[in-house]
Amino acid sequence: MATSIYVGNLPFSATEDKIRELFSAYGTVEKVNLIKDRETRRLRGFGFVEMLSGGQEAIAGLDQRDLDGRQLTVNEARPREERSSRSPSRPRRW
């Protein structure tokens with residue numbers, strides 16, 4: 001079973017290839033998903049990595065590690081919380 005890992009405090013210079021290479025030292029990386037701003041397409045500073053093996057080792061080895069001057073936050077990802085539906089009395093902004 002794959003381990004889903006949250007990676008926070010990423011530098012804006014981070015790329016999927018760079019993160020894949022960083023985590024590959026600990027095991028098999030299945031997927032890297034860096035979150036970007038919808039409007040600017042600029043990295044928002046966090047992302048997720050799915051690992052088939054070595055997930056716990058990667059978390060232990062990379063949490064608080066320096067990457068391009070930023071101290072990474074690496075931990076097991078929590079399930080996404082349900083968003084409440086928009087209230088009909090609240091108008092849309094656009």
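Is Lys18 buried, partly exposed or exposed, and what is its relative accessibility? Lys18 counts as partly exposed, at 33% relative accessibility, where buried means under 20% relative accessible area, exposed over 50%, and partly exposed in between, with a 1.4 Å probe and protein chains only.

Before going further, I should say that this is a predicted model, in which local features need pLDDT of at least 70 and side-chain atom pairs count only at pLDDT 80 or more, while totals for chains, interfaces and linings use all residues. Residues are numbered from 1 along each chain as its sequence is written, and side-chain values use heavy atoms, with hydrogens and water left out.

To set the scene, the protein chain has 2 helices and 6 strands, and along the sequence these follow the pattern β-α-β-β-α-β-β-β; helices (H or I, at least four residues) and strands (E, at least two) are DSSP runs, numbered from the N terminus. Of its 94 residues, 29% count as buried.

Let me turn to strand pairing, for which DSSP must find at least two bridges between two strands. Strand 1, residues 3-8, pairs in the antiparallel sense with strand 3, residues 43-51, over 6 bridges, and strand 1 also pairs in the antiparallel sense with strand 6, over 4 bridges. Ile5 appears in both pairings, since its bridge partner in strand 3 is Val49 and its bridge partner in strand 6 is Glu76.

Coming back to Lys18, this residue forms a salt bridge with Asp68, the closest N and O atoms being 2.6 Å apart, where the rule asks for a side-chain nitrogen of Lys or Arg within 4 Å of a carboxyl oxygen of Asp or Glu. The pair links distant parts of the chain, 50 residues apart, with Lys18 in helix 1 (residues 16-24) and Asp68 in the loop between strand 4 (66-67) and strand 5 (70-71). Asp68 is partly exposed too, with a relative accessible area of 44%, and by this rule the count comes to 1 salt bridge.

Finally, two residues deserve a look for their backbone angles. Most residues other than glycine have a negative phi. Asn9, in the loop between strand 1 and helix 1, has a positive phi of about 65° although it is not a glycine, and Asn9 counts as partly exposed at 29% relative accessibility. Arg41, which lies in the loop between strand 2 (29-36) and strand 3, has a positive phi near 60°, and Arg41 is exposed, with a relative accessible area of 55%.
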